[in-house]
Amino acid sequence: MSQSPLERSLATQIKMAGLPEPRTEFHGVPGRRYRWDFAWPANGVVLEVHGNVWAKGAHSSGRGITRDCEKLNAATLHGWHPLAVTSNMVHDGSALRLVQQALEAFPPF
């Protein structure tokens, strides 16, 4: 699956900041079809980018929110440090700062 423009924007920010290159479309929970937009397996960090949160998109419906909660909880129970960011966070740079903080907080093991 190809990256959305929002995911490409964050990937560019990550590269320009000199951070480790993430894996994309990462499967981190055995037995589940969940894919994470970005992952740093050595750090145990996975990240999901939520676009269109102000529109009636997949992440803003009751079913979508429930699915996202299940995905975050499954990742946590499997030892991951899951992060979630919105389009606004990508655009204002706070998503990049969150990634930097997470990679510092959870060094490679």
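This report describes two helices and one cavity in a predicted model.

**Helix 1**

Helix 1 covers residues 5-16, and at 1.5 Å a residue its 12 residues should span 16 Å, which agrees with the 16 Å found between its end C-alpha atoms. Its buried residues are Leu6, Glu7, Leu10, Gln13 and Ile14. Because these residues cover an arc of only 120 degrees around the axis, they lie on the same side of helix 1. That buried set packs against two strands, strand 2 (36-40) and strand 3, and against two helices, helix 3 (87-92) and helix 4 (94-105). On the face turned away from the buried side, helix 1 carries the exposed residues Pro5, Lys15 and Met16. Just after the helix, glycine 18 takes a positive phi of about 75 degrees.

**Helix 2**

For helix 2, the 16 residues should span 22 Å at 1.5 Å a residue, and the end C-alpha atoms are indeed 22 Å apart, in agreement with that expectation. Gly64, Asp68, Lys71, Ala74 and Ala75 are the buried residues here. Seen down the helix axis, they fall within an arc of 130 degrees, so they line one face of helix 2. The contacts of these buried residues are with strand 2, strand 3 and strand 4 (81-86). The face turned away from the buried side of helix 2 carries Gly62 and Leu77, which are exposed. Glycine 79, just after helix 2, takes a positive phi of about 90 degrees.

The table sets out the span and the arc for each helix.

| Helix | Residues in helix | Expected span | Distance between end C-alpha atoms | Arc of buried residues |
|---|---|---|---|---|
| Helix 1 | 12 residues | 16 Å | 16 Å | 120 degrees |
| Helix 2 | 16 residues | 22 Å | 22 Å | 130 degrees |

**The cavity**

A search of the whole structure finds 1 cavity of 30 Å³ or more, and the largest cavity has a volume of about 40 Å³. Its lining is made up of Trp36, Glu48, His50, Asp68, Lys71, Leu72 and Ala84; by class, this lining holds 3 nonpolar, 1 polar and 3 charged residues. Strand 3 (45-50) and helix 2 (62-77) each supply at least two of the lining residues, and the largest share, 3 residues, comes from helix 2. Asp68 and Lys71, which are among the buried residues of helix 2, also appear in the lining of the largest cavity. Strand 3, a contributor to that lining, is also one of the elements against which the buried residues of helix 2 pack, and the buried residues of helix 1 pack against strand 3 as well.

Terms used. Residues numbered from 1 in each chain as written. Predicted model: local features only at pLDDT ≥ 70, side-chain atom pairs only at ≥ 80, totals over all residues. Heavy atoms only, no water. 1 Å grid on protein atoms, 1.4 Å probe; cavity = no way out; pocket = protein on both sides within 12 Å on 5 of 7 lines; lining within 4 Å. Points joined across faces, edges and corners; volume = space filled by probe spheres on them. Helix = DSSP H or I, 4+ residues; strand = E, 2+ residues; numbered from the N terminus. Nonpolar A, V, L, I, M, F, W, Y, C, P; charged D, E, K, R; others polar. Expected span 1.5 Å × (residues − 1). Buried < 20%, exposed > 50% of the residue type's maximum accessible area, 1.4 Å probe, protein only. Arc of directions from axis to C-beta. Contact = heavy atoms within 4.5 Å.
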